[in-house]
Amino acid sequence: MSDSIGDYSVDHIYPKSKEETVSEAVGETVDLDRIGNLQLLPHEMNEEIKRDQWPHDWLDDLGDAEAERICRVNQYPDTEPTPENAQAFIQAREEQITDYLLDRYVK
């Protein structure tokens, strides 16, 4: 694991290329460019492993320990990251990130 930010890329948890499919599954337009849908991943993981996969698929392909680490480090909420749950997942993650930042830097 590298400590240099240059070794990471910004990744859409729900791939931007699947925005129309996500919106259809949710039943409303879902903005996949929101902070709740963005995470940092090592370049090689993003480009060679995850690519354009649904979050639940690529996490299932990782080992349990690695999937747990990715979810913990990137503040995934308890909401299952399926297409139908995209809006709820993104909103819950934004709330979780906000709570973490407030607890860590404000309180």
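Hi everyone, let's start with one residue: Arg-34 is partly exposed, with a relative accessible area of 22%. By that I mean the middle class, between buried at under 20% relative accessible area and exposed at over 50%, with a 1.4 Å probe and protein chains only. Before going on, please note that this is a predicted model, where local features need pLDDT of at least 70, side-chain atom pairs count only at pLDDT 80 or more, and totals for chains, interfaces and linings use all residues. Residues are numbered from 1 along each chain as its sequence is written, and side-chain values use heavy atoms, with hydrogens and water left out.

Back to our arginine. Which residue does the side chain of Arg-34 meet in a salt bridge? The partner is Glu-94, at 2.4 Å from N to O. A salt bridge here is a side-chain nitrogen of Lys or Arg within 4 Å of a carboxyl oxygen of Asp or Glu. This pair links distant parts of the chain, with Arg-34 in the loop between α1 and β2 and Glu-94 in helix α5, 60 residues apart. A quick word on those labels: helices (H or I, at least four residues) and strands (E, at least two) are DSSP runs, numbered from the N terminus. Unlike its partly exposed partner, Glu-94 counts as buried, at 18% relative accessibility.

How many salt bridges does the structure hold? There are six. One of them joins the side chains of Lys-16 and Asp-33, at 2.9 Å from N to O. Lys-16 sits in the loop between β1 and α1, and Asp-33 in the loop between α1 and β2 (38-42), so this pair ties together parts that are 17 residues apart in sequence. Both ends are partly exposed: Lys-16 has a relative accessible area of 34%, and Asp-33 has 41%.

Another bridge, also given as 2.9 Å from N to O, brings together the side chains of Glu-66 and Arg-69. These two are three residues apart in helix α4, which means that about one helical turn separates them. Glu-66 is partly exposed, at 27% relative accessible area. Salt bridges that share partners also make one network out of Lys-16, Glu-19 and Asp-33.

Now let's look inside. A nonpolar core means a set of buried Ala, Val, Leu, Ile, Met, Phe, Trp, Tyr and Cys residues joined through side-chain atoms within 4.5 Å. The largest one has 17 residues, and those with the most contacts inside it are Tyr-14, Val-22, Trp-58, Leu-59, Ile-70 and Tyr-76. At least two residues of this core come from each of α3 (55-61), α4 (64-73) and α5 (86-105). Which element gives the largest share? That is α5, with three residues.

On to the surface and its patches. Patches are made of residues with over 30% relative accessible area and no salt bridge; like charges are joined within 9 Å, and nonpolar side chains (Val, Leu, Ile, Met, Phe, Trp, Tyr) within 5 Å. The areas come from the Shrake-Rupley method with a 1.4 Å probe, and for residues only the protein chains shown count as cover. Tyr-100, Leu-101, Leu-102, Tyr-105 and Val-106 make a nonpolar surface patch of about 520 Å². Tyr-100 has its place in helix α5 and is partly exposed, at 39% relative accessible area.

There is also a patch of negative charge on the surface, where Asp-3, Asp-7, Glu-44, Glu-47 and Glu-48 gather. For charges, Lys and Arg count as positive and Asp and Glu as negative, while His and the chain ends are not counted. The place of a charge is taken as NZ of Lys, CZ of Arg, CG of Asp or CD of Glu. Within this patch, Asp-7 belongs to the segment before β1 (8-12), and its relative accessible area of 33% makes it partly exposed.

Two backbone details next. Arg-51 is not a glycine, yet it has a positive phi of about 50 degrees. You can find Arg-51 in the loop between α2 (43-50) and α3, partly exposed at 48% relative accessibility. Gln-75, again not a glycine, has a positive phi of about 60 degrees, and it lies in the loop between α4 and α5.

Pro-81 is found in the loop between α4 and α5 as well, and is buried at 9% relative accessible area. From Pro-81 to His-43 the C-alpha separation is 21 Å, with their positions 38 residues apart along the chain.

Thanks for listening!
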